[in-house]
Amino acid sequence: AEIQTVKRFFNTMASPWGTRRIGTTRPWRSDITDDSTPFELSLAMEGDKPEVRFLIEAQNNPTTLQSSWEDGLALNERLREEFGVPLERFNQVKDLFEPRNPNARYSLWHAFCIKAGTPAIKVYLNPQAQGAARASQVIEEALKRLGFANAWRFLSQGAMRRGEKDKLIYFSLDLSTHEAARIKVYIAHQDATADDVEAIMSQA
């Protein structure tokens, strides 16, 4: 049953580009993988049963940053219609992440995971969608809208204390109404020393 569930989700999320043959010209240099493949497969090993996961970037042919965003929104709707995936939390912050920065490397990715028979979907959004200079304002506002305004104080004062060397690169959001639904903010600590990393991790 789980195998069939994974197949159903993958086929839906890889439509329509998933029918292309391996080796054909890529319509878009996806930033998901080093070789620009627009999906990534992974396993999380914990306990006696692994968690099966994949990450996908919606696209078409041809693909641009804006069309990838629009294809991602269309995928959201398919997931809602076919699997009942709730979009309320995404819609609260959607306008903040619409790509307006032509140098952004991605706009909207979708991740799937299944553990103990329960599938889950989350999205990855680009903090630099409005430009690198506005990334902090975008994340601060997104957290505020989702009810986590205090989290920005922790991030800005604790995890981003080194200014421009600490860059916001991903914002992920569980598409769920469950009370334990997660928000994750990913920060790249450029040129960090062991002491820098220890100081940041000691906040947790």
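**Pockets, strand pairing and nonpolar cores**

The second largest pocket encloses about 330 Å³. The model analysed here is predicted. Sixteen residues, given as 16 in the count, line the second largest pocket. Nearest the centre of this pocket lie Arg21, Ile22, Thr37, Pro38 and Phe39. Its lining comprises six nonpolar, six polar and four charged residues.

The largest pocket holds about 780 Å³ of space. Its lining is made up of 35 residues, and those closest to the centre are Cys113, Ala120, Lys122, Asp174 and Arg182. Strands dominate the list of contributing elements: two or more lining residues come from each of strand E1 (39-44), strand E2 (51-56), E3, E4, E5 and strand E6 (183-189). By class, the lining of the largest pocket contains 21 nonpolar, five polar and nine charged residues.

Strand pairing places several of these central residues opposite one another. Strand E3 (residues 108-115) pairs with strand E4 (residues 118-125). The two are antiparallel and share eight bridges. Within this pair, cysteine 113 faces alanine 120 of E4. Both Cys113 and Ala120 are among the residues closest to the centre of the largest pocket. E3 and E4 form a hairpin, with two residues between the strands. One turn residue, alanine 116, has a positive phi of about 55°.

E4 also pairs with strand E5 (residues 166-174). This pairing is antiparallel and rests on four bridges. Here lysine 122 has aspartate 174 of E5 as its bridge partner. Lys122 and Asp174 likewise belong to the group closest to the centre of the largest pocket. In a regular strand, side chains alternate between the two faces of the sheet.

The largest nonpolar core has 40 residues. Met13, Phe90, Phe97 and Leu125 touch the most other members. Helix H4 (residues 135-145) gives the most to this core, contributing five residues. The surroundings of phenylalanine 90 were examined further. Residues up to four places away in sequence aside, phenylalanine 90 contacts Trp69, Leu73, Asn76, Leu108, Val123, Leu125, Leu173 and Leu175. Of these partners, Leu125 is itself one of the members of the largest core that touch the most others. Leu108 falls within the residue range of E3, and Val123 and Leu125 within that of E4. Leu173 falls within the range of E5. A second core, separate from the largest, consists of six residues. Among them are Ile32, Leu55, Trp109 and Ala111.

Technical notes:
Residues numbered from 1 in each chain as written. Predicted model: local features only at pLDDT ≥ 70, side-chain atom pairs only at ≥ 80, totals over all residues. Heavy atoms only, no water. Pairing = 2+ DSSP bridges. Core = buried A, V, L, I, M, F, W, Y, C linked by side-chain atoms within 4.5 Å. Buried < 20%, exposed > 50% of the residue type's maximum accessible area, 1.4 Å probe, protein only. Contact = heavy atoms within 4.5 Å. 1 Å grid on protein atoms, 1.4 Å probe; cavity = no way out; pocket = protein on both sides within 12 Å on 5 of 7 lines; lining within 4 Å. Points joined across faces, edges and corners; volume = space filled by probe spheres on them. Nonpolar A, V, L, I, M, F, W, Y, C, P; charged D, E, K, R; others polar.
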